[in-house]
Amino acid sequence: MPSLKDLKNKIASVKNTRKITKAMQMVSAAKLRRAQEAAEAARPYAERMNAVMAGLSASVGTSASAPRLLAGTDKDQVHLLVVMTAERGLCGGFNSTIARLARVKANELLAQGKTVKILTVGKKGREQLRRDLEANMVGHVDLTDVKRVGYANAQGIAREVLTRFEAGEFDVATIFYNRFQSVISQVPTAQQIIPAKFEGATTSALYDYEPSEEAILADLLPRGVATQIFTALLENGASEQGARMSAMDNATRNAGDMIKKYTTIYNRSRQAAITKELIEIISGAEAL
Amino acid sequence: MAVQFDLVSPERRLASAQATEVQIPGAEGDLTAMEGHAPTITTLRPGILKAVAADGTKTFIVTGGFAEITATSVSVLAERAVPVEEATPALMDSLVAELRDAAAGTDDKDAADKIMADMMAARRAIGQ
């Protein structure tokens, strides 16, 4: 049986925790709104880009002169996994779901005898994957100091990936991130970016191309990689805040329950102590 | 007699309005898109993009990207686009520096030189 003093301290400490989690929840609610707006604002560009590239790749993709970023290297021996996670924890299962998906994929590829290289973005993912896949890590992009993810950050990552591709370091690149659905649901997603894959490739209106189709495609593909990475970063940003918000909401509610429970115990033992004292006084008086 | 003009960058939509004509710095020369233009996709070189509308002309500095022109719309996707009113010398310097960094990474020296020359020409055109 803990003493009254202990219980009192415990209640005070849980109350403090609740204040903190409540504050974190409100902060991430505000950040979530901003992240969603950023994702919304980036959508027109990404959609147009995809539509144009899908059209172009449908017409150029089959020819022998297709750029390597689209056609690939005719091999799929070496895989690069770009694992994007958050820089901070306390956001529920956000980081672990991405790391788990990446780990499953990596092990699957290793079992098939492929070579796996991992590039991590965000330190939480690196920490989790380092335990068993340290030997496969080839690089890390640190975004700790970045307050708001901008296109420049995506370009930096894209440049790193493209440099490695041109140096022949890998054949296939896949990005891992959490797609934002709602505050309570984020879907870990793996998306292949090199060689580029497009869904719903339809040749719409017949366009004149200036310069040639191939030249435009060669110019666009590296931008496409950056755009896909940027979209993923934004989705990830919104997912992180959403996950943190619901995790902190849960924590706040748990803290509330805990306070209620301890307060009941505290009151009960306080009453027990009073009753005991009374009985002692009365029986003492009767004995006289 | 107007086309729907959209200018989007990866981070936001910079302009979306009706325009009577749009002057585009295409990679193979400037072109003006008006209603009924043949569907065209062209890459951009660094230069000045003008959207002429009934209520005035909007001017932007772009450093690259591409434009999709159809009979009724012009969509410009630019990685960096700055309204000319916001183009301070410091901002222009940073754009030039960005291009120079990008140029340093390519092997095609002629193309890189051309991009830098285009950028300088655009700078002169807005009087900086």
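Domain bounds, as I shall use them for chain B, come from an automatic or database domain assignment. With that understood, the centres of domain 1 and domain 2 of chain B, taken over C-alpha atoms, are separated by 19 Å. I should also say at the outset that the model before you is predicted.

Let me stay with chain B for a moment. Domain 1 covers 3–83, and domain 2 covers 86–125. Where the two meet, nine residues of domain 1 of chain B are in contact with 10 residues of domain 2 of chain B. On the domain 1 side, the elements that contribute two or more residues are strand S6 (47–53) and strand S10 (81–83) of chain B. That side of domain 1 is made up of five nonpolar, two polar and two charged residues.

Within chain B there is also a helix pair to consider, formed by helix H1 (residues 89–104) and helix H2 (residues 109–125). Their axes come within 10 Å and cross at roughly 170°. H1(B) and H2(B) are therefore roughly antiparallel to each other. From H1(B), the residues taking part are B:Met92, B:Val96, B:Leu99, B:Arg100 and B:Ala103. From H2(B), they meet B:Ala112, B:Ile115, B:Met116, B:Met119 and B:Arg123. By class, this contact holds eight nonpolar residues, no polar ones and two charged ones.

I turn now to chain A, beginning with its sheet. In what order do the five strands of this open sheet stand? The order is S3-S2-S1-S4-S5 of chain A, and the pairing is mixed. Strand S3 (137–141) and strand S5 (185–194) of chain A are at the edges with a single partner strand each, so one side of each has no neighbour in the sheet. On average, and with direction ignored, neighbouring strands of this sheet are turned by 25° against each other.

One pairing in that sheet may be followed in detail. Strand S4 (residues 172–182) of chain A runs antiparallel to S5(A), and nine bridges join them. If you wish to find the register on the structure, A:Thr174 has A:Gln192 in S5(A) as its bridge partner.

Helices lie across this sheet. Helix H4 (residues 123–133) of chain A lies across strand S1 (78–84), strand S2 (115–121) and S3 of chain A, and runs at about 155° to S2(A). H6(A) lies across S1, S4 and S5 of chain A, at about 40° to S4(A).

H6(A) has a helical partner as well. The axes of H1(A) and H6(A) come within 5 Å and cross at roughly 160°. An angle over 145 degrees counts as roughly antiparallel, and that makes H1(A) roughly antiparallel to H6(A). The crossing of these two helices is left-handed. Their contact divides into 32 nonpolar, 17 polar and 12 charged residues.

We come to the meeting of the two chains. How many residues does each chain bring to the contact? Chain A brings 22 residues and chain B brings 21. On the side of chain A, at least two residues each are supplied by helix H1 (4–60), strand S6 (208–210) and helix H6 (213–287). H1(A) gives the most to that side, with seven residues. The side of chain A that touches chain B has 15 nonpolar, two polar and five charged residues.

Strand pairing also crosses between the chains. S6(A) pairs with strand S5 (residues 40–44) of chain B in the parallel sense, over three bridges. A:Asp208 has B:Thr40 as its bridge partner, and A:Glu210 stands opposite B:Thr42. Within chain B, S5(B) is joined to strand S8 (residues 65–69) by five bridges, and these two strands run antiparallel. There, the bridge partner of B:Ile41 is B:Glu68.

Finally, three points of backbone geometry in chain A. The peptide bond from A:Glu210 to A:Pro211 is cis, with omega near -5°. A:Pro211 lies in the loop between S6 and H6 of chain A. A second cis peptide bond runs from A:Ile194 to A:Pro195, with omega near -10°, and A:Pro195 is found in the loop between S5 and S6 of chain A. Lastly, A:Leu90, a residue other than glycine, has a positive phi near 55°. A:Leu90 is placed in the loop between S1 and helix H3 (94–111) of chain A.

Terms used: Residues are numbered from 1 along each chain as its sequence is written. Chains are lettered from A and ligands numbered from 1 in the order in which they are written. This is a predicted model: local features need pLDDT of at least 70, side-chain atom pairs count only at pLDDT 80 or more; totals for chains, interfaces and linings use all residues. Two residues are in contact if their C-beta atoms, placed from the backbone, lie within 7 Å. Helices (H or I, at least four residues) and strands (E, at least two) are DSSP runs, numbered from the N terminus. Ala, Val, Leu, Ile, Met, Phe, Trp, Tyr, Cys and Pro count as nonpolar, Asp, Glu, Lys and Arg as charged, and the others, Gly among them, as polar. Two strands pair if DSSP finds at least two bridges between them. Axes are lines fitted to C-alpha atoms, for helices over the stretch in contact, and angles run from 0 to 180 degrees between N-to-C directions. Angles under 35 degrees count as roughly parallel, over 145 as roughly antiparallel, 65 to 115 as roughly perpendicular and the rest as oblique. A crossing is left-handed if the near helix is turned anticlockwise from the far one by less than a right angle, and right-handed if clockwise.
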